[in-house]
Amino acid sequence: MPKTTKKQQKKSTSILPIIMIGLGAVLFVAFLVWAAINSERQFNANASGENIPYPNIERVSLQDSKAAFDQKSAVFVDVRDAASYEASHIPGAINIPIDQIQSRANELDPNDWIITYCT
């Protein structure tokens, strides 16, 4: 078996950190590419209407909401927290935070057209 000199051992040892850094860089770039692709897929899914929470609940367009507001034919319920409601809300809207909807549902008339919003 051939003997290795100290110079050869030092050279092979000094290459190892470079290889590890290179491998780490490749993994990092691969992660960034994966994250970008996954983010774009999620954006496209949301834009196309997929993955909508509570798909059985009818969505109201902005135009229909505005018409209901102008005609006073709907009750608007702001489901954000009280601080967000105080900062800004639709005039006349009721504030019932989302985590209180079940316990405060009796405050709403089930015969009314109820439009909830969170922005």
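**Exercise 1.** Which residue in β3 is the bridge partner of Val-75? Work on the predicted model above.

*Solution.*
- Start with the strands. β1 covers residues 75-78 and β3 covers residues 114-117.
- The two run parallel and are joined by 4 bridges.
- In β3, Val-75 has Ile-114 as its bridge partner.

**Exercise 2.** Find what joins β1 to β2, and give the handedness of the β-α-β unit.

*Solution.*
- β2 spans residues 94-95. It is parallel to β1, with 2 bridges between them.
- Opposite Asp-78 stands Asn-95 of β2.
- Add helix α3, residues 82-87. Together β1, α3 and β2 form a right-handed unit.

**Exercise 3.** Asp-78 and Arg-80 form a salt bridge. Decide whether each residue is buried or exposed.

*Solution.*
- The N to O distance is 2.7 Å. The cut-off is 4 Å, so the pair qualifies.
- Buried means under 20% relative accessible area.
- Asp-78 has 0%, so Asp-78 is buried. Arg-80 has 18%, so Arg-80 is buried too.

**Exercise 4.** Explain how Lys-66 and Asp-70 are placed along their helix, and classify their exposure.

*Solution.*
- Both lie in α2, residues 62-71.
- They are 4 residues apart, so about one helical turn separates them.
- Their closest N and O atoms are 2.7 Å apart, in a salt bridge.
- Lys-66 is partly exposed at 46%. Asp-70 is partly exposed at 47%.

**Exercise 5.** Locate the nonpolar surface patch that includes Val-33.

*Solution.*
- Val-33 sits in helix α1, residues 6-47. Its relative accessible area is 44%, so Val-33 is partly exposed.
- Other patch members include Phe-28, Trp-34 and Ile-37.
- The patch has about 720 Å² of accessible area together.

Note on methods. Residues are numbered from 1 along each chain as its sequence is written. This is a predicted model: local features need pLDDT of at least 70, side-chain atom pairs count only at pLDDT 80 or more; totals for chains, interfaces and linings use all residues. Side-chain values use heavy atoms; hydrogens and water are left out. Patches are made of residues with over 30% relative accessible area and no salt bridge: like charges are joined within 9 Å, nonpolar side chains (Val, Leu, Ile, Met, Phe, Trp, Tyr) within 5 Å. Accessible areas come from the Shrake-Rupley method with a 1.4 Å probe; for residues, only the protein chains shown count as cover. A salt bridge is a side-chain nitrogen of Lys or Arg within 4 Å of a carboxyl oxygen of Asp or Glu. Buried means under 20% relative accessible area, exposed over 50%, partly exposed in between (1.4 Å probe, protein chains only). Two strands pair if DSSP finds at least two bridges between them. A crossover is right-handed if, with the strands pointing away from the viewer, the path from the first strand over the helix to the second runs clockwise.
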